[in-house]
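The following exercises introduce a single protein chain. Please study the sequence and the model before reading each solution.

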Amino acid sequence: MVRQQPGGVHARAALTLLLNAQVIAFAVLIGAVALPGAFLAKAFVERMPLQIHTAILDAMVIAGGLMMIFAAVRSLL
């Protein structure tokens with residue numbers, strides 16, 4: 001017996017609809033760009049002093065928090 005999704009679409013049909021050639025090509029492109037970037041970032045971080053790395057991380061966390069607060073205040077107005 002084949003189980004159906006709540007909408008009446010079989011799981012295999014839903015997967016086929018989601019994974020078309022365009023989605024797969026986009027995923028491969030993102031991976032091709034992200035992989036060398038990760039190795040480049042690793043090389044930078046290995047050469048960076050710990051204090052600078054910590055300061056950059058702190059700045060990014062603070063910036064992210066400020067952006068979330070700004071978005072929350074903006075949605076209230």
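Three exercises with worked solutions follow; the model is a predicted one.

**Exercise 1.** Determine which secondary structure elements the chain has, and in what pattern.

Solution. Counting the elements gives three helices and zero strands. Reading along the sequence then gives the pattern α-α-α.

**Exercise 2.** State how confident the predictor is in the chain and in its elements.

Solution. Begin with the whole chain: the average pLDDT is 85, and 77% of the residues score at least 70. Next, turn to the elements: helix H1 (residues 11-18) has the lowest mean pLDDT, 64, whereas H3 has the highest, 96.

**Exercise 3.** Decide whether Ile-62 is buried or exposed, and place this residue in its surroundings.

Solution. First, locate the residue: Ile-62 lies in helix H3, which spans residues 50-76. Second, apply the cut-off: exposed means over 50% relative accessible area. Ile-62 has 54% relative accessibility and therefore counts as exposed. Third, consider the patch: Ile-62, Leu-66, Ile-69, Val-73 and Leu-77 make a nonpolar surface patch of about 560 Å². Finally, consider the whole chain: buried residues make up 0% of its 77 residues. Its accessible surface comes to about 7,200 Å², with 75% belonging to carbon and sulfur atoms.

Technical notes. Residues are numbered from 1 along each chain as its sequence is written. This is a predicted model: local features need pLDDT of at least 70, side-chain atom pairs count only at pLDDT 80 or more; totals for chains, interfaces and linings use all residues. Side-chain values use heavy atoms; hydrogens and water are left out. Helices (H or I, at least four residues) and strands (E, at least two) are DSSP runs, numbered from the N terminus. Buried means under 20% relative accessible area, exposed over 50%, partly exposed in between (1.4 Å probe, protein chains only). Accessible areas come from the Shrake-Rupley method with a 1.4 Å probe; for residues, only the protein chains shown count as cover. Patches are made of residues with over 30% relative accessible area and no salt bridge: like charges are joined within 9 Å, nonpolar side chains (Val, Leu, Ile, Met, Phe, Trp, Tyr) within 5 Å. A salt bridge is a side-chain nitrogen of Lys or Arg within 4 Å of a carboxyl oxygen of Asp or Glu. pLDDT is the predictor's confidence in each residue, from 0 to 100.
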